[in-house]
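Student: Got a minute to walk through this one with me? I'd like to start with the overall layout and then poke at some details.

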Amino acid sequence: MYMKVRFLKNDEPHGREYTYKATFPVRVGQEVIFPGGGNGVVTEIDVPEEEVEIFKDKIKEIESVVEESKQ
């Protein structure tokens, strides 16, 4: 699944959206961990493959989801 994510700065979404992929379910508003560290928040899910076709070979996969109890 392809999704749009914004990086977190001071625990707030910041900057533009970036496209990532995941092999596990995520939902909008969920905090995720990027490859190599850093956190972001999911802003859109189920991005159509046609929208990312020209650069999909460069899309990185998110590592995991931040546990709900950790705010």
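**Layout of the chain**

Tutor: Sure. Reading from the N terminus, the elements go β-β-β-β-α-β. Keep in mind that this is a predicted model.

Student: How many helices and strands are there in the chain?

Tutor: One helix and five strands.

Student: And in what order do the strands sit in the sheet?

Tutor: The order is E2-E1-E4-E3-E5, in an open sheet with antiparallel pairing. E2 and E5 (64–65) are at the edges with a single partner strand each, so one side of each has no neighbour in the sheet.

Student: Let's zoom in on E1. How many bridges pair E1 with E2?

Tutor: Seven bridges, in the antiparallel sense, between E1 (residues 2–9) and E2 (residues 12–21). For instance, Phe-7 has His-14 as its bridge partner in E2, and Leu-8 has Pro-13.

Student: What about the turn of that hairpin, which residue takes a positive phi?

Tutor: That's Asn-10, with phi near 55 degrees; the hairpin of E1 and E2 has two residues between the strands.

Student: And how many bridges join E1 to E4?

Tutor: Four, and E1 and E4 (residues 39–44) run antiparallel. Within that pairing, Arg-6 has Val-41 as its bridge partner in E4.

Student: Switching topic: which residues make up the largest nonpolar core?

Tutor: There are nine: Met-3, Val-5, Tyr-20, Ala-22, Val-26, Val-32, Phe-34, Val-42 and Ile-62. That goes with a general trend: in soluble globular proteins, nonpolar side chains tend to be buried together.

Student: Met-3 caught my eye. What is Met-3 in contact with, leaving aside its neighbours within four places in sequence?

Tutor: Its contacts include the core members Tyr-20, Ala-22, Val-26, Val-42 and Ile-62. Met-3 also contacts others, among them Tyr-18, Glu-44 and Val-47.

Student: Now Glu-53. Where is Glu-53 placed?

Tutor: Glu-53 sits in the loop between H1 (49–52) and E5. Its relative accessibility is 43%, so Glu-53 counts as partly exposed. From Tyr-18, Glu-53 is 35 residues away in sequence and 14 Å away in space, C-alpha to C-alpha.

Student: Last bit, the whole chain. How does the radius of gyration of the chain fit a compact globule?

Tutor: It agrees: the chain has 12 Å, and a compact globule with 71 residues would be near 11 Å. The C-alpha atoms fill a box of roughly 35 × 25 × 20 Å along the principal axes.

Student: And what share of the residues count as buried?

Tutor: 27% of the 71 residues. The chain exposes about 4,900 Å², with carbon and sulfur atoms supplying 47% of it.

Note on methods. Residues are numbered from 1 along each chain as its sequence is written. This is a predicted model: local features need pLDDT of at least 70, side-chain atom pairs count only at pLDDT 80 or more; totals for chains, interfaces and linings use all residues. Side-chain values use heavy atoms; hydrogens and water are left out. Two strands pair if DSSP finds at least two bridges between them. A nonpolar core is a set of buried Ala, Val, Leu, Ile, Met, Phe, Trp, Tyr and Cys residues joined through side-chain atoms within 4.5 Å. Buried means under 20% relative accessible area, exposed over 50%, partly exposed in between (1.4 Å probe, protein chains only). Contact means heavy atoms within 4.5 Å. The radius of gyration is taken over C-alpha atoms; the globule rule is 2.2 Å times the number of residues to the power 0.38. Accessible areas come from the Shrake-Rupley method with a 1.4 Å probe; for residues, only the protein chains shown count as cover.
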